[in-house]
Amino acid sequence: MSAMILSCVDCRASYPATLLYACEACGGILEVARPGAEPPALEALVAPAVTLGECGTPLLAARAASLPTPASALWFKDETRNPSGSFKDRLVSAALTTALAFGSKGLVCASSGNAGASAAAYAARAGIPAVILVPERTPTEKMAQIAAYGALLVKVAGHYSNSYAMALAVARETGFVNVTTTFLNPYGTDALRLVGHEIHDQLGGEGPDWVFVPTGSGPLVKGVFQGFADRGGRMPRLVAVQAEGCAPIVKAFDEGAGEVEAWGEPKTIASGISDPLIGYARDGTYTLRLVRESGGCSIAVSDDEIRRAMGVLAAGNGIFAEPTGASSLAAAQKMLARGDIGPDERIVCMVTGHGFKDFGIYRQMPVHEIRVEADAPASAVTRALAEMGPPERVV
C-alpha cells in the first residue's frame, strides 16, 4: 500500500494514500497511481483480506440462434457469479480492505441496491457495522438482501442522488468509510481494472472490438478502460449504456458536449443505472471522456428493449439477469440492427447483476406454463412442449 498515491484525474495533484474522496485542490476525481511501478498483478487483488471469493467470472459465448440480430462473435461477461450477485463485490472488497488497513471501524454506502447488498455482505464478513442508504423505490428483493446481511437499511425519499448526499453526511458524522460505488472511493474503482484484465486474458489476448457497459456514474467503464490499458495492445471501443429514462451521459455525447449535466427524475425499470448524477455530474463527464478516448460511444435503450434482452439472456442463454444487467445486450442488439457494428466484429456485453435482485420484473413477463390434473395423460405435456417450439422462440 505504501507504493500507492492518489492522483487527481483533472489537475494531477497528488496525495499520500489515505481515505480521501476528492481532490483538495480542485474537487476532482481521485485515482490510485503507482509511480515507477508496473500495474498490480492479478493475484495481488483477487485475494484481499476481506473476500467472499469475488472475481474470475466466466466469459460465455452467446448462442447464435438466440440473437434477434446476428453477431458472429458475442460474449457475455457474467458478473452475476460474484458472491452477492453483482460486479459491485469487486469494488467493495478492495475499498473495504483498504479502509480497514487505514483503521476504519464501519462502512456507509449509498446504493440503488446492488452496491448496498455487496457492502452489507462484506461488512458482515469483516464483522463491522454497515449503514446502507437506498432510494425508497428500490426493488424489494435488493432491500431484503441488504437487510439479511444485518446492515442498517435506510430508505431515503426520492431518487438515488438523495441517498448519495445523505451517505456523505452520515460518513462525516460516524467516521465510517464511504464505499459508495460512484467514483467516490478510488481504491474500489481501481479494483475494477481486473475486469479488463480478465476479458483480455479470457480472449487469449485478442481483445474485443466493443465492450458494452451498463453505466450509472461510470466506474466500470473506467475499470475496463484501465484494465486494457494495463495489458497494452488495442483498446476496445467502450459503450456506456444508459436507460432512456435516465441518460445524462448519452445526452452529452449526442450533443457533442464537453461536460455532463445532471438528469431530472429517473424513470426506468433498470434501477441499477437510474442515477441522475445530481451533485456529482463530474463523474459522468469523466466517463464521457473515457468513452471518447476509446473511440466508443454512449447509447440509451428503452425499457421494452431491456425486457427483450432479459428474455434473450435467460431463455436463450441460461443467464438470469436483472434489467440493468441486460441493458448491455439491448444496446449491442440496437447498434447491430442499425448497422453501427459490423456482424463480424467482436463484442463483449457486461452482465452486471443477477435476476433474483429484481424478480418482480420477471413476474410481469410472459411465461410458458400449463396446469394439468394429477391423472392427466402425458400427452397434455408433450403437446404443450411442441407448441413452445425451440428455445429461441421463447424470447
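Me: Two strands pair if DSSP finds at least two bridges between them. What makes β1 and β2 a pair by that rule?
Reply: In this predicted model, 3 bridges join β1 (residues 5-8) to β2, so the requirement is met. The two strands run antiparallel, and within them I5 stands opposite P16 of β2. Strands here are DSSP E runs of at least two residues, helices are H or I runs of at least four, and both are numbered from the N terminus.

Me: Why are β2 and β3 called edge strands of their sheet?
Reply: The open sheet has 3 strands in the order β2-β1-β3, with antiparallel pairing. β2 (14-16) and β3 (30-33) each have a single partner strand, so one side of each lacks a neighbour in the sheet. On average, neighbouring strands of this sheet are turned by 35° against each other, direction ignored.

Me: How do you know that the model can be trusted along the chain, and where is the pLDDT below 50?
Reply: The mean pLDDT (the predictor's confidence in each residue, from 0 to 100) is 93 for the protein chain, and 95% of its residues reach 70 or more. Residues 41-46 fall below 50, and beyond near neighbours in sequence this stretch has 9 contacts in the model (heavy atoms within 4.5 Å). Where pLDDT is low, the predicted coordinates should not be read in detail. For local features the model needs pLDDT of at least 70, and side-chain atom pairs count only at 80 or more, while totals for chains, interfaces and linings use all residues. Numbering starts from 1 along each chain as its sequence is written, and side-chain values use heavy atoms, leaving out hydrogens and water.

Me: What makes the phi of C55 worth a look?
Reply: Most residues other than glycine have a negative phi. C55 is not a glycine, yet its phi is positive, about 80°. You will find C55 in the loop between α1 (42-46) and β4 (59-61).

Me: Why is C55 called buried or exposed, whichever applies?
Reply: Buried means under 20% relative accessible area, exposed over 50%, and partly exposed in between (1.4 Å probe, protein chains only). C55 has 13%, so C55 counts as buried. L277, in the loop between α9 (248-255) and α10 (281-293), is buried too, at 0%. Its phi is also positive, near 65°.

Me: How do you know what surrounds S298?
Reply: S298 lies in strand β12 (residues 297-301) and is buried at 5%. Not counting residues up to four places away in sequence, S298 touches A240, I249, V250, F253, D254 and V291. The S298 side chain reaches the backbone oxygen of A240 at 2.9 Å.

Definitions and conventions: Axes are lines fitted to C-alpha atoms, for helices over the stretch in contact, and angles run from 0 to 180 degrees between N-to-C directions. A polar contact is a pair of N or O atoms within 3.5 Å; within protein, one must be able to donate a hydrogen and the other to accept it, and residues adjacent in sequence count only if both atoms are side-chain atoms.
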